[in-house]
Amino acid sequence: MTTFRLLAPAAFAALIAIAAIQPAAAQADEAMLARLKSYMAEQGSPIDWDKVETYKGETGADVTTLLDVRIAAQNGQVVLSTVDLSDVAREGDGWKIGRLAIPSFTQKVEDSEFVVYDTTVRDLVLPAEGQPAPALPYGGLQIRDLTFNVHQNEILKVSDLHVDVASEGEGKPAQFTGAVEAFHLNLDSLKDPDTQQSVDALGYRKLGGYIEFDGSWDEADGRLALDKYDVSVEDAGTLSMSFDVAGVGMPLLGAMARLQAQMAANPDGDNTMAGIQAVGLLAQTTLHSARIEFQDDSLTGRALDLTAKDSGQDRAAIAAQAAQAVEQWAGFFRDPALTKQASDAVARFLAEPGNIAIAVEPPEPVSGAAIAMGALQATPGLAQQLGIKVEANE
């Protein structure tokens with residue numbers, strides 16, 4: 001989970017880069033530049049620049065450069081020295097930018113900073129006035145490097161983040177695939193001494209790995225299928241996730257983004273109402289399936305040995321305690337068969353770490369509202385309705 005928490009700022013920095021490039025859909029066409037500004041204002045990220053220049057690129061095609069670009073962000077401004085646009089053409093009543101390039105830029109937030117190097121976007125769509133943007137408004141995105149620094153110390157480096165989007169035509173799902181070819185995480189400056197000691201004991205002061213993902217999104221009904229999202233960490237293991245959910249459209253995503261910003265702006269306040277709103281938003285979705293799996297590559301053994309050493313017990317005793325904890329978790333569903341299945345799976349996995357997975361395969365799609373109400377009321381039969389299975393070493 002630490003990896004995910006520290007990857008989240010990197011993912012946010014990548015989204016900033018995307019936001020920064022969407023507005024750059026411009027040549028020296030005054031109407032298009034005006035639409036660019038109004039569109040970004042609609043998205044809550046006003047954009048401005050000091051100057052526009054046009055020149056011939058290496059291929060002889062026109063390249064338009066926006067100079068000293070400023071984009072409003074939640075934590076101030078994103079400032080870009082230049083944004084280059086080429087192969088710009090009309091598409092219906094809107095525009096498509098064949099290639100948009102941004103050099104490196106830095107976004108500082110208090111004592112931390114994100115540095116994004118060489119961002120390129122292919123086939124970026126800028127919709128006409130009054131028309132919504134596509135759910136996936138570009139054909140490809142690549143960021144050469146991205147770093148997250150705290151007090152000038154590099155905490156995370158992401159190399160070659162790329163996403164490719166392909167659409168088979170109007171009314172058909174867009175297919176996407178992507179990867180982070182390498183990431184390096186430095187955990188030698190954790191604030192909590194006990195956590196730092198545990199990380200050192202596990203041998204994970206510095207971590208490296210990669211990420212792969214692919215799936216599809218049908219904008220018409222909001223059917224989002226993440227077929228694969230694998231995070232692999234060297235000498236630790238691979239965490240894999242997948243899901244198939246309907247109802248994930250742009251209105252829902254926009255509402256969730258606004259709610260997240262509201263909660264982030266008041267981290268120490270009472271967010272009870274925000275939590276209720278989040279449940280309400282999730283109630284608009286329909287779950288078809290989901291799965292989370294961990295493939296061990298020495299993390300489990302290291303964790304068992306460390307826990308046993310700290311508690312003065314052997315690995316067998318620690319494994320038995322873990323199985324009991326899982327029984328308590330599974331007991332929430334009031335399903336004795338699931339409780340036994342989960343306990344047995346954990347026992348098998350800890351005795352011989354291979355892989356362990358929780359799968360949700362409902363016989364029929366289940367609405368988010370039914371899941372939320374069932375979870376809040378601990379409704380008997382929820383496990384069967386969701387088709388929950390716990391598997392190990394299979």
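Buried means under 20% relative accessible area, exposed over 50%, and partly exposed in between, using a 1.4 Å probe and protein chains only. Keep that scale in mind as you click along. This is a predicted model, in which local features need pLDDT of at least 70 and side-chain atom pairs count only at pLDDT 80 or more, while totals for chains, interfaces and linings use all residues. Residues are numbered from 1 along each chain as its sequence is written, and side-chain values use heavy atoms, leaving out hydrogens and water.

**First stop: E212 and K228**

Select E212, which is partly exposed with a relative accessible area of 32%. Its partner is K228, joined to E212 by a salt bridge (a side-chain nitrogen of Lys or Arg within 4 Å of a carboxyl oxygen of Asp or Glu). The closest N and O atoms of E212 and K228 are 3.7 Å apart. The pair links strand β11 (residues 206-218), home of E212, with strand β12 (residues 223-233), home of K228. Strands (E, at least two residues) and helices (H or I, at least four) are DSSP runs, numbered from the N terminus. K228 is partly exposed too, at 27%.

**Second stop: R291 and E391**

Now pick R291 and E391, a salt bridge with its closest N and O atoms 3.4 Å apart. R291 sits in strand β14 (residues 286-296) and E391 in strand β17 (residues 388-392), so this pair ties together parts 100 residues apart in sequence. The structure holds 17 salt bridges.

**Third stop: helix α7**

Next, highlight residues 315-330, which form helix α7. Its 16 residues should span 22 Å at 1.5 Å a residue (the expected span is 1.5 Å times one less than the number of residues), and the end C-alpha atoms are 23 Å apart, which agrees. Colour I318, A319, A323, V326 and A330, the buried residues of α7. Looking down the axis, you will find them within an arc of 140° (taken from the directions from the helix axis to the C-beta atoms), so they line one face of the helix. Their cover includes α6 (299-311) and α8 (336-351). To see a link between α6 and α7, show the salt bridge of D305 and R315, at 3.3 Å from N to O.

**Last stop: D335**

Move on to D335, in the loop between α7 and α8. What is the nearest side chain of opposite charge to D335? It is R334, 11 Å away, and the buried D335 has no salt bridge. Instead, look for the backbone nitrogen of L338, which the side chain of D335 reaches at 3.0 Å. Beyond its neighbours within four places in sequence, D335 is in contact (heavy atoms within 4.5 Å) with A383 and Q384.

Methods:
Lys and Arg count as positive and Asp and Glu as negative; His and the chain ends are not counted. A polar contact is a pair of N or O atoms within 3.5 Å; within protein, one must be able to donate a hydrogen and the other to accept it, and residues adjacent in sequence count only if both atoms are side-chain atoms.
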